[in-house]
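Okay, thanks for making time, everyone. Let me put the structure up and walk you through it.

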Amino acid sequence: MKRIISSAPGRTCLFGDHQDYLGLPVIACAINRKISLTAEQNDREIFVLNMVDIDEVRVIAIDAAFTTLEPRDYFASSLRVLRRYGCIPTVGYDITITGDIPINSGTSSSSALLMAWIRFLIAAFGVDDEVTPEFISKIGYESEVLEHREPGGMMDHFSIGVGNIVYINTKDPFSYKVIGAELKGLITGVSGVPKETIGLLGDLKGNALMAIDVVKQNFPDFDLYTAEIEDIDRYRNCLPDRLIPFFEAAIKNYHYTKEALKEFEKPVLDLKKIGSLMNDHHAVLRDLLKITVPRIDDMVNAALKAGAYGAKIVGSGGGGSIVVIADPKVENLVIEAILKAGAEEAYAVNVDAGVRILENIEI
C-alpha cells in the first residue's frame, strides 16, 4: 500500500495580465500558499476525493472514461488527457485535499488543485514521457484550457509547474525561462470580492483580437510583437471607438512587461523601478480594460499611500486579489493599510519552487 503527498503553490501575475491569450509574454511567480493532496492506496478501485476546506466528497471510478465533460471538471479532464500519455490508473486511493490559497481570489486555487492532482497521478501510475516541470505544466494547460475550450492561457500552469519567477513567452514557438528565485517585499491582498473569470476573459479576449484584426486589415504590415507605445496613435484612427481601449491596452501592457523583464535580468533588482512599472500596468487594467472594482482600487491606493513601491490587480479581474511590492521594512505597515481599506486578507508571500511530490512511500 502506498502513500503519496503532492503539493502545488498558488501563483501571482507580476506583469502581463490579459496578455497570454494574445500570444504576448507574461511574468508570473509561484507563491508559498499551497494546495496539498494526501493519497493513501485503497482496494476499492475508486478515487475518493475529500475536499476538506469546502466540505465536499467526490468519488471517481479508476476506469471512468469521461466521454463527455461537465464544465470546469478538471479532475475528469486531466484523467482523460493523462490517459493519452500512458497514465492509466490501476488502483484506487483515498485522497484528502487541503489548502491555504483563498478560493476565487485570482491566485489560482483551481489550477493549483489541478496541478497537485496531475502530479499525484503521474507519481502513482507513471507516464510514457519524461516527467519535467514543462511536461507537467503542459498537461495542466491541456486539461484546463484545451480540453474544456476555455479562453485562458498558459500562465497559471507554467508558473505553478515550473515555480520561481518565470518569463513565459506564449507566442509560437512557446518558450519560458526562470528569471529569479526570490523577490523581497512581495505582498498579496485578497479583496473578498469573487473574481469573474470565464465571461470576463472571453469578452476581453474577443474584443482585443477583434481590434488587432481590424488594424491588420487596414495595415497588413502591422505586427503586434514588434509594436511600440508610439505606434498607438498611428493605428487608432482605423478602429471604432469601442475597440480602441483594447488595442491600446495590449500594446501598453506588452511594453511594461518587456521593460520589467529588463529589470529582472539585472543582477540586483531595483524594487522601486519594478514597482513603478507595476503601477503603470495597473493603470491600464483599471482605466482601459476596466477590470477593477472599488474595493480593489481602495486596496491599491492604500498600499501606495502606506509606502509600497507598486501594486496591481491580479488575474482576470472583477474582484480577486492584488499583488504589492514594497520595501521589506514597511511590509507590516502596508499589510495593515490594505486590511483597513477593506481587504479580507493581506499577507507577505515568498516565491515558491513549484509543484512537487513531498512523499511517495510504502505504508
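So, what does I27 touch, once we set aside its neighbours within four places in sequence? The list is C13, L14, F15, I165, V166, Y167, I179, T257, A260, L261 and F264. Keep in mind that this is a predicted model.

I27 also turns up among the residues with the most contacts inside the largest nonpolar core, along with L14 and I338. That core has 74 residues, and helix α7, residues 244–264, gives the largest share of them, 11 residues. There's a second core too, separate from that one, with 42 residues, including I35, M51, L79 and I122.

Next, a polar residue. Is N164 buried or exposed? Its relative accessibility is 19%, and the cut-off for buried is under 20%, so N164 counts as buried. You'll find N164 in the loop between α4 and β6. Beyond its sequence neighbours within four places, N164 contacts A28, C29, A30, V178, G180, A181, V351, D352 and A353.

Now the sheet. Four strands make an open, antiparallel sheet, in the order β9-β10-β8-β11. β9 and β11 are the edge strands, each pairing on one side only, and from one strand to the next the twist averages 20 degrees. Between β8 and β11 there are four bridges, and G189 stands opposite A346 in β11. Two helices go with this sheet. Helix α9 packs on it, touching β8, β9 and β10, with its direction at about 160 degrees to that of β9. Helix α10 lies across β8, β10 and β11, at about 170 degrees to β11.

On to the rings: there are 14 aromatic pairs. Take F47 and W117: their ring centres are 5.4 Å apart and their planes sit at 85 degrees, so that's an edge-to-face pair. F47 is in strand β3 and W117 in helix α2, 70 residues apart, so to speak of distant parts of the chain being linked is fair. F47 is buried at 0% relative accessible area, and W117 is buried at 0% as well. Both belong to one aromatic cluster with F75, Y93, F120 and F125.

Last, a couple of charges over rings. The charged end of R33 sits over the ring of Y347, 3.6 Å from its centre. For K171, the charged end is over the Y225 ring, 4.6 Å from the centre.

That's my tour, happy to take questions.

How values were computed: Residues numbered from 1 in each chain as written. Predicted model: local features only at pLDDT ≥ 70, side-chain atom pairs only at ≥ 80, totals over all residues. Heavy atoms only, no water. Pairing = 2+ DSSP bridges. Axes fitted to C-alpha atoms, helices over the stretch in contact; angles between N-to-C directions. Contact = heavy atoms within 4.5 Å. Core = buried A, V, L, I, M, F, W, Y, C linked by side-chain atoms within 4.5 Å. Buried < 20%, exposed > 50% of the residue type's maximum accessible area, 1.4 Å probe, protein only. Phe/Tyr/Trp six-rings, centres within 6.5 Å; stacked < 30°, edge-to-face > 60°. Lys NZ or Arg CZ within 6 Å of the ring centre and 35° of its normal.
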